[in-house]
Amino acid sequence: MSNPREAWEVVIGLEVHVQLRTAAKVFSPAPWGFGAEPNSHIDPVSLGLPGSLPVVNLAALEQAIRLGLAVDAEIPEVCAWDRKNYFYPDNPKNYQLTQMARPVVVGGSVEIELPGASRNVMGEHRRVRLHHAHLEEDVGKLSHAAGGSLVDYNRAGVPLLEIVTEPDLRSAAEAEAFLRALHALVTQAGISDADMEKGQLRCDANVSLRRPGAPRGTRTETKNLNSISGVRAAIEAEVVRQARELEAGRPVVQETRGWNAEAGRGYVLRDKEDAQDYRYFPDPDIPPVAIDRARVERLRAGLPERPFDRQRRYLADLGLPYTAASVLVADLALALWFEEAVAAHPANPVGIANLVANDLLRELAASAQPGEAAPPAPAGLAGCKVRPAALAELVRLTDAGAISKQQAREVLAEMFLTGQAPAAIVGARGLAQNSDAGELERVVREVVADPAFAKSLAEFRAGNAKAINALKGPIMKRTQGKANPALVDEILRRVLS
Amino acid sequence: MPKGLDIDHVARLARLSLAPEERERYAAQLGQVLGHFAALASMGAGPADAGLRAPVADASLRADQPGQPLPPTDFLRNAPASRDGQVAVPRVVDDAS
Amino acid sequence: MAEPLHTLGAAELGRRLASRDLTSRALAEALLARAASRRELGAFNSLDADDLLRQADAADARRAGGRSLGPLDGIPVAIKDNIAVRGQPLTCSSRMLAGYVSPYDSAVAERLRAAGALLMGRLNMDEFAMGSSTETSATGLARNPWDPARTPGGSSGGSAACLASGQAPLALGSDTGGSIRQPASHCGLVGLKPTYGLVSRHGLVAFASSLDQIGPMARSVEDCELLLAALAGPDARDMTCLAADARAPRVLPADRKPRLGVPRALLEGVAPGVRKAFDDALGVYRAEGCELVDVDLPSAALAVPAYYVVATAEASSNLARYDGIRYGHRAARDGDIVALMSQSRAEGFGAEVKRRILLGTFVLSAGFADAYYGKALAARARIREEYLGALARVDALATPTVPSSAFRLGEKAADPLQMYLEDLFTIPANLAGLPALSVPSGLDGALPVGLHLVGPPLGEGLLLGLARRLERATGLAHRVAQP
């Protein structure tokens, strides 16, 4: 009866809830936001007080449409809202306004990137199909106190976009890649802040196993996963659990589960006796809404380039290495900053990329105050004293041979502190690289003639190509590190040949 | 009871506790009323909507301007039980549905 | 003048206030005295005298300062207890909301305040507007002023009892299946249910969202029209409320006499006294040269079933929020949250409300929703189509408002289905979203009987014009039951 675990095909579908960036709630004008006093972001509508009625927030609908456009989905002519009826203390009306029959986003797909063979190698790209996405209201927050529970309704009515994938994912790693890709899409487009720690992005995972080619197995749903590592761990644990059950001849029970992150274990939620009957029907208080095509086009035009499209452009058009490109596209502000620098000095995008992705980010990280974002979301970029044109100038100086790459890093560090122009710093520090061919040839010949380096010389002449580096050190030393390395190499090889 | 009316199931869905004699009475009354609805059986499937409404233009939706929130006291004044600015309820054991 | 203040209509009161022959304060005091003397009719759930007098004084001050707000300034309007007034109880005559105070004003309350009207008391009603006799009220029976052993009708029975006994000149009711028109008929009043969407539902405690409308009730057509003008208007807080540019009114044609459609096939079960009054009313129109046309409404048999499926379905969802958690009655019991909610609702709701919640839950439940709710929506669409078709051929449809006049209290309590079937004339207008009114047409013995008119969308003016003709002929206006 026991078949090897490797022969199971894992089938995963995700339902991701994303809080949309708006000032007011989705059906009420109450404000909302993280960290407020309990029950301070409330109003009759979001509380469902007697006589209150919902009114759709246009900005919430537009954010949903923008997400739909970002995933190449269909935006229908008309969308409408339904009532999902169930009783729960965090649900003020004991029904939730959602979209069952006519959601605002239909179909679409998200491009994901799987990890490559190593960090420097881009992994495979795949598209994960979406079934749909719909706009609904969030519920309040239950917390547990001694002898009872407490309810805070601040979160009730916050705009939520529920994004439902097709069961296209085949591993926990793919699920993680999907969430990262979705996170980048929504944050870069300003659709959501998607901070999982603040509950702005939450994920339910549907998992089933089957033998390849067989029909889909019974699936379980694990709810309210609120960290990417949690999603990954929960899915992996559930796969192991289901495989164990199936291999022991027991069926997988269709159930709703939770994930205990500290214990690293899933558990069955104390679910209702039978499956919930939500008695969906069209909400009579909200008429169907016709979505204006001109509005859709305006919203489309306002979307930023997608991260993977930008990455492809960097690799193909700018010739960037993958490591630098992937770091740059991970943050929209950083990517745009980089592009501004390239516009100022188009001849060497790779040089600019390396300086930005390595050195500038390092400077930003080192200077970040505790609690500020560290790369790849450099909060300090906006206030950074180095401006794109200045960094571009620095690279131009390096390309022209005025300074070495090592010197450029030192100049950048000082630009970061003082905001001075690179040329000024180079001049003040007397860093200008020595590209005087005559003087360099004199030093080269001195070193070549020096008996201290005869051994290296002999090794080089014997065929050890790397031995030439042993001669370069002293040359650099005798020029106070200012000799133009490329020129030194050229002269040295000429002298030795 | 007409075929299919499980009064206990419906009462549970509706969160209504029914005393035994209530149970009997409502089941009988509902059965009688539902029997009268046989006239509906001749209808075909309905429109997806309540049928009265043309779509409204998205331009008529509300602008994203937060209004004044309701002061917590105005809300909690009507609450049967509250603590620390939150509504107090018996311990809720399972997590969200 | 000799007539007591409490018998005067709103238009006349407005004139006397404007000419300074009367102060709002004097009027308020007279009505409060009248209300105190007629308490046994059970019209009001509560009446805040101090608040009313404060409002009256403010109106008098406005007028003294030359800042009168219009024809309703200083005139009390009694408010049904399911329409929110900030700082006042909002009980819907239910134990579930005993003690609940609304923290905000309904749109109609705002409009009335802006017109200078005085918001007077909280009127008794069937619990959560579910009923046709005000017998389901948890705050006490309401009685018909013309015969206190009989019902004033429902669910706006308190509104009707208040008006017919002279406790206020104007009142708000709400109408989901006839709850303004039927009490108006039973108490000799003019009651109008507007076109769906004409009046904002912001602040109306929802019973059935796609059917509910707030509407005016008064002792004359003129007064009813006055009140309607103050209530109607756009409101961005209610997405079902018609926008300003969607309110072109339908009027009677100028080039010919009105044409009334009569669905004779539906009149079979009408009681003789009611039938006579109806025929007399038709006689009035005929004598004025109106054309009476027989109309066929074959989907009429679907109306009551469709209504009770759609209304109870929506109600079961609208009333789910009453669970004792955030406000309202909470049972005194420990244990789990499900038990607490279920017990709170069992204790807070009366039998009719429970019946309708159970029915509505059932018709939406898995395995039955298509057969009941789905088909009810189809029936509704057909009924609307049929009525619009008929109204393309005639200006209004005429029937009695109710098949029989006011019954004795307790007479029908045992048989909910019987009560539901009495709504057959009023229900279609709610299902189709059309304006409809009841205007006194005659008497059945001592009991008032009303004529029911249904008009095309936004045809309120058309209906009121027709009603005015009948009122002129019958003289049945401004009637206050004595003592």
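In what order do the strands of the open sheet of 4 strands run? In this predicted model, the order is β8(A)-β9(A)-β3(B)-β2(B), and the pairing is antiparallel. The sheet thus named takes strands from chain A and from chain B. Its edge strands are β8 (141–145) of chain A and β2 (82–83) of chain B, each of which pairs on one side only. In general, the strands of a sheet are paired through backbone hydrogen bonds, in either a parallel or an antiparallel manner.

On the chain A side of this sheet, β8(A) is joined to strand β9 (residues 148–152) of chain A by 5 bridges in the antiparallel sense. Within this pairing, His144(A) has Ser149(A) in β9(A) as its bridge partner, and Ala145(A) stands opposite Gly148(A). The two strands form a hairpin with 2 residues between them. Gly147(A), in the turn, has a positive phi of about 75 degrees. Of the 5 residues of β8(A), the number buried is 0, so this strand lies largely in the open.

Chain B contains 3 helices and 3 strands. Read from the N terminus, its elements follow the order α-α-β-α-β-β. The chain has 97 residues, of which 35% are buried.

The contact between chain B and chain A involves 38 residues of chain B and 52 residues of chain A. On the chain B side, β1 (56–57), α3 (72–76) and β3 (86–89) each supply at least two residues. The largest share, 4 residues, comes from β3(B). By class, the side of chain B that touches chain A consists of 22 nonpolar, 5 polar and 11 charged residues. A further link between these chains is found at β1(B), which runs parallel to strand β16 (residues 289–290) of chain A and is joined to it by 2 bridges. In this pair, Val56(B) is the bridge partner of Val289(A).

Chain C was examined through one of its helices. Helix α10 (residues 337–348) of chain C has 12 residues and reaches 16 Å from its first C-alpha to its last, close to the 16 Å expected at 1.5 Å a residue. Its buried residues are Ile337(C), Leu340(C), Met341(C), Ser342(C), Gln343(C), Ser344(C), Arg345(C) and Gly348(C). These buried residues of α10(C) pack against β3 of chain B, and β3(B) is also a strand of the open sheet described above.

Chains A and C are in contact as well, through 22 residues of chain A and 33 residues of chain C. The elements that give two or more residues to the chain A side are α1 (44–47) and β3 (82–85) of chain A. That side of chain A has 13 nonpolar, 4 polar and 5 charged residues.

A helix pair within chain A was also described. In general, two packed helices are characterised by the angle between their axes and the distance between the axes. Helix α8 (residues 332–344) and helix α9 (residues 349–367) of chain A pack at an angle of about 145 degrees, with their axes 10 Å apart. The crossing of α8(A) and α9(A) is right-handed. In the contact, Phe338(A), Ala341(A) and Val342(A) of α8(A) meet Pro349(A), Ile352(A), Ala353(A) and Val356(A) of α9(A). The contact of α8(A) with α9(A) comprises 7 nonpolar residues, with no polar and no charged ones.

Notes: Residues numbered from 1 in each chain as written. Chains lettered and ligands numbered in written order. Predicted model: local features only at pLDDT ≥ 70, side-chain atom pairs only at ≥ 80, totals over all residues. Buried ≥ 20, exposed ≤ 12 C-beta atoms within 10 Å, placed from the backbone. Contact = placed C-beta atoms within 7 Å. Nonpolar A, V, L, I, M, F, W, Y, C, P; charged D, E, K, R; others polar. Pairing = 2+ DSSP bridges. Expected span 1.5 Å × (residues − 1). Axes fitted to C-alpha atoms, helices over the stretch in contact; angles between N-to-C directions. Left-handed = near helix turned anticlockwise from the far one by under 90°.
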